[in-house]
Amino acid sequence: MAPYTPNRAPYVGSRRKLVLAFDVGTTFSGVSYSILDPGQSPEIKGVTKFPAHEQISGASKIPTIIYYDRAGNVCAVGAEALTEGIFETAEEEEWVKAEWSVASLSPKGAAAPRSFKMHIRPKNESSGHITSRIPPLPKNKTVVQVLADFLVYLYKCAKNYIQETHANGKDLWESVEKEIDFVISHPNGWEGWQQTQMREAVVLAGFIPDTSDGHARVSFVTEGEASLHFSIRNGLPTGAMEKGDGVVIVDAGGGTIDISTYSRQIQNLKNGENFEEIAAPQCHFYGSVFVSIHARLALQELLSDSEYMDDLDHIVRCFDKTTKIRFSDDKQAQYIKFGSTRDNDASVGIRFGQLKLSGEQVSAYFEPSIKCIIDAIKDQTKTAHKSISHVVLVGGFASSDWLFTQVQARLSPYGLNVIRPEIYVNKAVSDGAISFHLDHLVKTRVSKMAYGTFRHVEYDPTDPEHVSRKGTSTMMPSGREVIPDSFAVILPRNTQVSESKEFKKYFWKEGESKSELNLSRVTSEVWAYRGNNANPRWKNIDSNNYKKLCTIEMDLSHLPIRPVDKLNGKGGDFFYLEYGYILQFSAVELKAQMSWTENGVEKRSSAKIIYDPED
């Protein structure tokens, strides 16, 4: 059945623009772009030519690698880092490589490459099992600096490609380069602090000024949502789209497995194409590099008493480039060709420069990732707001025939049709990020956790929970007795939220004097609850599952505040302020406003969102 392909509306802007999308992957990275001409329907194109590109496979991506010299200067990036002689030069001049590599598990004391994308990840349970496997960044380099260096390289490659492949390319570039819009994709599990670091990298790279207008030229999209936009035009079956059934998008990449579930809204089509997220997205650190990690651990044990233990890194790299990619049958023996005919050690299965493994052994290296995908999809079917009929596999890891056939076979009993787009699954994210910017088809998303804030509540002697916390109560200037650390839920977990939906929460401040209120900097914290309690109420219950997301900062010094009489017949007066903040959770980025009432009319102003660094 032919794929579902909606039409794209012509660009309505008054002048030409350029949109660049960067997909900085754990193992490979790519760039896509679109030139927007007024009145014309935009096309999505990929950068397919990079320096030293002929040295690697794959037409649209380059390795996520940077070499630095001892002074911290960039020496080689991407495919250039794999050219002949670079390894020897790096050894001689003591260059440091920043990348993700299974050599991160090198024996203690051995040199290990430095991952940089993994240093941005949220520090939570889903990434806990990889924390010890990520070596430090290059000396005197922050993750923002390394990411900025890599983005500069991708930007230059895009600039050269556009100038060389388009008619009057140099003039075209000069006409758009000062106001380029940037789209950066990231794993489903990344949140505000990770987006803050990526935006800082874009500023440091010199692409935008560090102003509100400059920041507005950078947008973020989850890899799951980008993959949906790609799949809509390159693989979603017509039947599922016409019926509005749920479709699970599995973006299987180098580092993460991103799981997202959507359905097409088939009502009110006159309002244009709309898709809705129907289950909370997931992000798991079980991408293709972890197949190589499991292979390395097994080979390390196998070769522990062999003279070929010194060749472990090389053998694993050969497995990564050939055996892992070709593997499709656990009944056939597999071979890692790493040496010459002179290399033999029958005790460990090495003969004529090839290490022999059984198909069952290799399948075991894949098993944790496959199990992760199956379990995550089953969970989506249980929690989704609609029934699910299809699963679409995209991403570089999805090109593995073993992964695809195993997922297909294991989900078939559940009535799920597993498919994989025929073309360019490895550029799904960068192309999809451009489509996200142009088409913006997802209008409803699902909350991954319960969002709320901690606040004081007035003591209620008839509430047993309050009575048990009587010892923590305090008296406010007004004369009211209050209890701290009550969790006020703003948005419950697993709730569908339309993009335009606003969530308001009202607060109050009081003090003996106006200065005590500190109105020039009023703050409220936004917290997330990740636990299983359907009605979380108190900070000290299941406390480990609460996480502070950000602080909303507001300036209310312009509000007219007058003294009022104290309550309960107590003499004197106090100063009292009632205000609220308004949050929009549905967008990929959290947005906030402040509100107050003046002469009976609600007033609004922008609020600043401050994310705390994660340890």
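## Exercises on rings and cores

In the protein chain, residues 24 or more positions apart account for 68% of the contacts with a separation of 6 or more. The model is a predicted one, and buried residues make up 53% of its 615 residues. Let's work through some of the details together.

**Exercise 1. Classify the ring pair of F454 and Y546, and find which strands it links.**

*Step 1.* Start with the total: the count comes to 22 aromatic pairs.
*Step 2.* In this pair, the ring centres of F454 and Y546 are 5.1 Å apart and the planes stand at 65°. Rings pair if their centres lie within 6.5 Å, and planes over 60 degrees apart count as edge-to-face, so F454 and Y546 form an edge-to-face pair.
*Step 3.* Now place the partners: F454 belongs to strand β19 (residues 450–458) and Y546 to strand β25 (residues 546–554), so the pair links parts of the chain 92 residues apart.
*Step 4.* Both F454 and Y546 are buried.

**Exercise 2. Do the same for F507 and Y581: what kind of aromatic pair do they form?**

*Step 1.* The centres of F507 and Y581 are 5.1 Å apart, with 35° between the planes, and the pair is tilted.
*Step 2.* F507 lies in strand β23 (residues 503–511) and Y581 in strand β27 (residues 573–584), so this pair ties together parts that are 74 residues apart in sequence.
*Step 3.* Check burial against the cut-off of under 20% relative accessible area. F507 has 8% relative accessibility, so it counts as buried. Y581 is buried too, at 0%.

**Exercise 3. Find which ring has the charged end of K539 over it.**

*Step 1.* Go back to F454: the charged end of K539 sits over its ring, 5.1 Å from the centre.
*Step 2.* For a second example, look at Y459, where the charged end of K470 sits over the ring, 4.6 Å from its centre.

**Exercise 4. Describe the largest nonpolar core and name the helix that gives the most to it.**

*Step 1.* The largest nonpolar core has 45 residues, and V250 and L355 have the most contacts inside it.
*Step 2.* Helix α10 (residues 359–383) gives the most to this core, contributing eight residues.
*Step 3.* Zoom in on L355: leaving out residues up to four places away in sequence, its contacts include L299, I315, Y335 and F338.
*Step 4.* Another core, of 43 residues, lies apart from the largest one, and F22, I35, F50 and V144 are among its members.
*Step 5.* F22 also appears in a cluster linked by ring pairs, together with Y155, W173, F182 and F207.

Terms used:
Residues are numbered from 1 along each chain as its sequence is written. This is a predicted model: local features need pLDDT of at least 70, side-chain atom pairs count only at pLDDT 80 or more; totals for chains, interfaces and linings use all residues. Side-chain values use heavy atoms; hydrogens and water are left out. Rings of Phe, Tyr and Trp (its six-membered ring) pair if their centres lie within 6.5 Å; planes under 30 degrees apart count as stacked, over 60 as edge-to-face and the rest as tilted. Helices (H or I, at least four residues) and strands (E, at least two) are DSSP runs, numbered from the N terminus. Buried means under 20% relative accessible area, exposed over 50%, partly exposed in between (1.4 Å probe, protein chains only). A charge sits over a ring if NZ of Lys or CZ of Arg is within 6 Å of the ring centre and within 35 degrees of the ring normal. A nonpolar core is a set of buried Ala, Val, Leu, Ile, Met, Phe, Trp, Tyr and Cys residues joined through side-chain atoms within 4.5 Å. Contact means heavy atoms within 4.5 Å.
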